[in-house]
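Here is a short briefing on one protein model. Keep the structure open as you read, and find each residue as it is named.

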Amino acid sequence: MDRLIAVVSGGTRGIGLGVAEALVKRGAAVAVTYNRDTRAAKQAKELLLQSAGVEADVLVLQGDVADEQVVADQHEAVRNTFGTVNVLVNNAGIMPPRTFEDITRETWDETLRVNLSSAYSWSRKTVQGMKAENFGRIVNIASLAARGGGVVGPHYAASKAGLLGLTRYAARELGPYGITVNAINPAFIRDAGIFAGWSEERREGLKDKIVVPELGRVRDVVRAFEYLLDSPFVTGVALDVCGGAFMI
Ligand SMILES: NC(=O)c1ccc[n+]([C@@H]2O[C@H](COP(=O)([O-])OP(=O)(O)OC[C@H]3O[C@@H](n4cnc5c(N)ncnc54)[C@H](OP(=O)(O)O)[C@@H]3O)[C@@H](O)[C@H]2O)c1
């Protein structure tokens, strides 16, 4: 493996952008994907180019990660531009809050397609190249909801628990080829996703759900990611980055 060539799905905001930034700072060629927010995508590209310095290799690709053809086209674009993908971060996710009372089959299906099936599609596309290189890192961004159920709804918890099953299976099959597959379970990351839009007062209310004094930040998830990136002997694990919330 000469160089890290990475794909970060949903890499234009929040956790995905933090991970992409860490990768470009290491000199990796990085492709980030997004679906709708063109403004965020433009800002992300500027930030990543700045962080990467002169030899910037940054690709920003638009398209719905739930669509297998989109994933196939994006994979082709990355391969043609950078070469074989050896780092895959399945991060794109949606979390529409629903209860059993108000969820529709459409929301259930959409959440599973975006949060879970996309990780299968991207993994399937990239493992062949990783196997040929005898090196690969796949990190699936799940959620503490995969363990405790969480509060978003049945669709979200099921999609994230599914990611943990996919992680463990893939780690077994791909380990012999030097490919590690791990998950990160974030919770209460104050500067990403829904919590980023909350008022300070409302975020304060989340503190009784964790055992440490402060909520998490994107950089806490990035640290976990970098640990997994650097660890050839750690595979099949799900690292909780959640302020000890699983104990409450
Ligand atoms: N923030 C937290 O506390 C927390 C806790 C637990 C788990 N997580 C997980 O961490 C991951 C990242 O969350 P975040 O908080 O950083 O979210 P975020 O700020 O909302 O960012 C989500 C990213 O995913 C992209 N995306 C969403 N749907 C997509 C689709 N259909 N196709 C392609 N890209 C799509 C978004 O692009 P567009 O905006 O263009 O659609 C955006 O780049 C998610 O999987 C989430 O479930 C986060």
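The largest pocket has 49 lining residues, and those nearest its centre are Gly93, Ile94, Met95, Tyr156 and Gly193. Six elements each give two or more residues to this lining: α1 (14–25), β2 (29–34), α4 (105–133), α5 (145–148), α6 (154–174) and α7 (193–196). Keep in mind that this is a predicted model.

**The largest pocket**

- How much space lies in the largest pocket? The value is about 1,400 Å³.
- Its lining can be sorted by residue class: 27 are nonpolar, 14 are polar and eight are charged.

**The second largest pocket**

- The second largest pocket has a volume of about 190 Å³.
- Its lining is made up of Tyr120, Ser123, Arg124, Val127, Ile138, Asn140, Leu166, Tyr169, Ala170, Glu173, Leu174 and Val181.
- Two or more of these residues come from each of α4, β5 (136–141) and α6.
- Which element gives the largest share of this lining? That is α6, with five residues.
- By class, eight residues of the lining are nonpolar, two are polar and two are charged.

**Helix α4**

- Helix α4 is 29 residues in length. From first C-alpha to last, α4 reaches 41 Å. That is close to the 42 Å expected at 1.5 Å a residue.
- Where does α4 bend? The bend is at Ser117, and the angle is about 40°.
- Asn134 comes just after α4, and it takes a positive phi of about 55°.
- Helix α4 also links the two pocket topics: it gives two or more residues to the lining of the largest pocket, and it does so for the second largest pocket too.

**Ala196**

- Ala196 sits in helix α7, one of the elements that give two or more residues to the lining of the largest pocket.
- Why does Ala196 count as partly exposed? Its relative accessibility is 41%. Partly exposed covers the range between buried, under 20%, and exposed, over 50%, so Ala196 at 41% belongs there.
- Which residues does Ala196 contact, leaving aside neighbours within four places in sequence? They are Arg190, Asp191 and Arg203.
- Now find Ala52, which is 144 residues from Ala196 along the chain. The C-alpha atoms of Ala52 and Ala196 are separated by 25 Å.

Methods
Residues are numbered from 1 along each chain as its sequence is written. This is a predicted model: local features need pLDDT of at least 70, side-chain atom pairs count only at pLDDT 80 or more; totals for chains, interfaces and linings use all residues. Side-chain values use heavy atoms; hydrogens and water are left out. On a 1 Å grid over the protein atoms alone, a cavity is a set of points where a 1.4 Å probe fits but cannot get out, and a pocket is an open set with protein on both sides within 12 Å along at least five of seven lines; lining residues have an atom within 4 Å of a point. Grid points are joined across faces, edges and corners, and a volume is the space filled by probe spheres set on the points. Helices (H or I, at least four residues) and strands (E, at least two) are DSSP runs, numbered from the N terminus. Ala, Val, Leu, Ile, Met, Phe, Trp, Tyr, Cys and Pro count as nonpolar, Asp, Glu, Lys and Arg as charged, and the others, Gly among them, as polar. Buried means under 20% relative accessible area, exposed over 50%, partly exposed in between (1.4 Å probe, protein chains only). Contact means heavy atoms within 4.5 Å. The expected span of a helix is 1.5 Å times one less than its number of residues. The bend at a residue is the angle between axes fitted to the seven residues ending there and the seven starting there.
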